Amino acid sequence: MSLEIYLILGAISFFTSMITAIFSVGGGMIMLASLGQFVSASALIPLHASVQLLNNISRVFVYREHINFEILKTILWASFIGSFIAIFIFQNLDEYVLTLIIGCSILFLTWVPINKFIKHGLANDLICGLL
């Protein structure tokens with residue numbers, strides 16, 4: 001990749017972080033779609049995860065006194081399990097199928113009223129972590 005692409009990706013990361021900070025939603029999806037223009041689908045998910053991790057670490061630092069560690073513990077355990085399930089499912093998928101899954105996920109999470117899928121309590125935390 002050229003220096004221009006790195007600068008573009010840095011600018012996209014900055015602006016999508018700003019969108020998330022202002023509206024509390026949307027920056028990650030925009031980042032995912034933007035990164036998809038520059039990298040392959042097999043590299044997209046790990047790259048997006050690392051960018052989001054770095055963006056969210058700063059948010060954790062800012063809001064550290066408001067963290068509910070009981071919820072965090074449940075989500076982290078479910079994320080750990082979900083990561084191994086995802087490795088098992090996605091490691092042998094064709095890149096075309098992976099691209100289709102990513103695109104459908106973006107469309108689904110953008111247009112479907114998410115409040116119909118939100119559960120309360122432990123179920124929500126487990127589903128959030130697994131996904």
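Visitor: How many aromatic pairs does a search of the whole structure find?
Guide: The search turns up 3 aromatic pairs. Bear in mind that this is a predicted model.

Visitor: What makes Phe14 and Phe15 an edge-to-face pair?
Guide: Their ring centres are 5.2 Å apart, and pairing needs centres within 6.5 Å. The planes sit at 75 degrees, and anything over 60 counts as edge-to-face, so edge-to-face it is.

Visitor: And why are Trp77 and Phe80 called edge-to-face?
Guide: Here the ring centres are 6.3 Å apart, still within the 6.5 Å limit. The planes are at 85 degrees, so this pair is edge-to-face.

Visitor: Where do Trp77 and Phe80 lie?
Guide: Both are in helix H4, residues 69-90, and they're 3 residues apart, about one turn of the helix. Trp77 and Phe80 also form one aromatic cluster with Phe84.

Visitor: Why does Phe14 count as exposed?
Guide: Phe14 has 51% relative accessibility, and exposed means over 50%, so Phe14 makes the cut.

Visitor: What about Phe15, why does that one count as partly exposed?
Guide: Phe15 comes in at 45%. Buried would need under 20% and exposed over 50%, so Phe15 ends up as partly exposed.

Visitor: How do you know that Trp77 is exposed?
Guide: Its relative accessible area is 56%, and the bar is over 50%. Phe80, at 48%, is partly exposed.

Visitor: What lies over the face of Phe61?
Guide: That's Arg64, at 4.2 Å from the ring centre. The distance limit for a charge over a ring is within 6 Å.

How values were computed
Residues numbered from 1 in each chain as written. Predicted model: local features only at pLDDT ≥ 70, side-chain atom pairs only at ≥ 80, totals over all residues. Heavy atoms only, no water. Phe/Tyr/Trp six-rings, centres within 6.5 Å; stacked < 30°, edge-to-face > 60°. Buried < 20%, exposed > 50% of the residue type's maximum accessible area, 1.4 Å probe, protein only. Helix = DSSP H or I, 4+ residues; strand = E, 2+ residues; numbered from the N terminus. Lys NZ or Arg CZ within 6 Å of the ring centre and 35° of its normal.
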